Amino acid sequence: MQKYQSKEKLTVPVKDTPLTVLSGVTFAQVPYWFPCYNYRDLKMDIILPFGPAKGEKRPLLLWLCGGGWITMERSAHLPWLLNFAQHGYIVASAEYRRSNSAHFPAQLEDVKKAIRYLRAHAEDFGIDTGRVVIGGESAGAHLAAMAGVTNGMAQFDKGEYLEQPSNVQAVIDYYGPASFTLPKPEAPETESRQKPDFLKGPSPVDMLLGYSPAENPQKAETAAPLSLVCDLTPPFFIAHGTDDFIVPIAGSEALYEALTKHNIPAEFYAIRDAGHADPRFYQSEMAERIMKFLETFL
């Protein structure tokens, strides 16, 4: 084996801010097994500069993972979210109650708990409380969009840190369901279009709501962002695959039209040939497009 040695003095300029991950930060406790008997922690992971905050305030991106409101993994998208942390964002990825332990609006209440917790600890984490972005994918995008369209609606603020607002300044919506009552086109299930196992049982929407939208469409619409767009709604960045057979793109198109009707700033990208949770959404190009959009409004 050839021997190799190298000894050299280097001068390394500090160009990048070292980052770290705080994993498993508890932001709330919620009823989980039998209400009034057992509570569980809700946790988040946070990417932030290594070391104590030294007066610098960064915008916050709170991300919500999807999974049909049935399952989720809060750390699943941390590698892609690093794009935002490296460009000056504090990034948090939070969990919320699944539909087998609580029906909607518990999930939205959990998301707003996370927002208030982060604002309450802004000094610790170096967060600019006036620049809070929420984003998510699939079921997480539904909850992110709901957080945006319910800006100013106090009925969804439950729990701790109620002195903190849960409003957000922008929303990133990755192929989220915008309505539970729009007609859903049938897509043939080919070998390349198989539903994940966790979506092959009862309807995830029925499990989330505790009833079928067909039974009470008016109530179901109050649980989806399309019917709640108003003048307080913040700017939206929407991306959806043209080949998405789990959450059809028609919902995102209708949401974009509703935002436009209310003069809410919005960008909508229909990603050609992309399916649900397609790798195309997690390219650095998409992160760059999102950050360019956010620069205009933060």
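A residue counts as buried here when its relative accessible area is under 20%. Phe237 sits at 0%, so it falls well inside that class. The model is a predicted one, and Phe237 makes a handy way into it.

Phe237 belongs to strand β7, which spans residues 236–241 and has 6 of its 6 residues buried. Neither face of the strand is left open: Phe236, Ile238 and His240 are covered on one side, while Phe237, Ala239 and Gly241 are covered on the other. On to the neighbours. Strand β6 (residues 170–174) pairs with β7 in the parallel sense through 4 bridges, and Val171 stands opposite Phe236. Strand β8 (residues 266–271) also runs parallel to β7, and here 6 bridges join the two. Within that pairing, Ala239 has Tyr269 as its bridge partner. To get from β7 to β8 the chain passes through helix α7 (residues 250–261), giving a right-handed β-α-β crossover.

Aromatic contacts come next. The structure holds 16 aromatic pairs. In one of them, the rings of Tyr174 and Phe281 have centres 5.2 Å apart and planes at 55°, so the pair is classed as tilted. Tyr174 comes from strand β6 and Phe281 from the loop between β8 and α8 (284–295), so this pair ties together parts that are 107 residues apart in sequence. Both Tyr174 and Phe281 are buried. Phe237 turns up again in another tilted pair, this time with Tyr269, with ring centres 5.3 Å apart and planes at 35°. Since Phe237 lies in β7 and Tyr269 in β8, that pair links parts 32 residues apart in sequence. Unlike Phe237, which is buried, Tyr269 is partly exposed, with a relative accessible area of 23%.

Tyr174 and Phe281 also belong to one aromatic cluster, together with Trp63, Trp80, Phe84, Tyr89, Tyr175 and Tyr282. A ring contact of another sort involves Arg40, which lies over the face of Tyr32 at 5.0 Å from the ring centre.

Away from the strands, helix α2 (residues 106–120) has 15 residues and reaches 21 Å from its first C-alpha to its last, close to the expected 21 Å. Of those 15 residues 14 are buried, so α2 is largely enclosed by the rest of the structure. Glu215 tells another story: this residue is exposed, with a relative accessible area of 62%. Glu215 is found in the loop between α5 (204–209) and α6 (217–221). Its C-alpha is separated by 58 Å from that of Lys15, which is 200 residues away along the chain.

Note on methods
Residues are numbered from 1 along each chain as its sequence is written. This is a predicted model: local features need pLDDT of at least 70, side-chain atom pairs count only at pLDDT 80 or more; totals for chains, interfaces and linings use all residues. Side-chain values use heavy atoms; hydrogens and water are left out. Buried means under 20% relative accessible area, exposed over 50%, partly exposed in between (1.4 Å probe, protein chains only). Two strands pair if DSSP finds at least two bridges between them. A crossover is right-handed if, with the strands pointing away from the viewer, the path from the first strand over the helix to the second runs clockwise. The expected span of a helix is 1.5 Å times one less than its number of residues. Rings of Phe, Tyr and Trp (its six-membered ring) pair if their centres lie within 6.5 Å; planes under 30 degrees apart count as stacked, over 60 as edge-to-face and the rest as tilted. A charge sits over a ring if NZ of Lys or CZ of Arg is within 6 Å of the ring centre and within 35 degrees of the ring normal.
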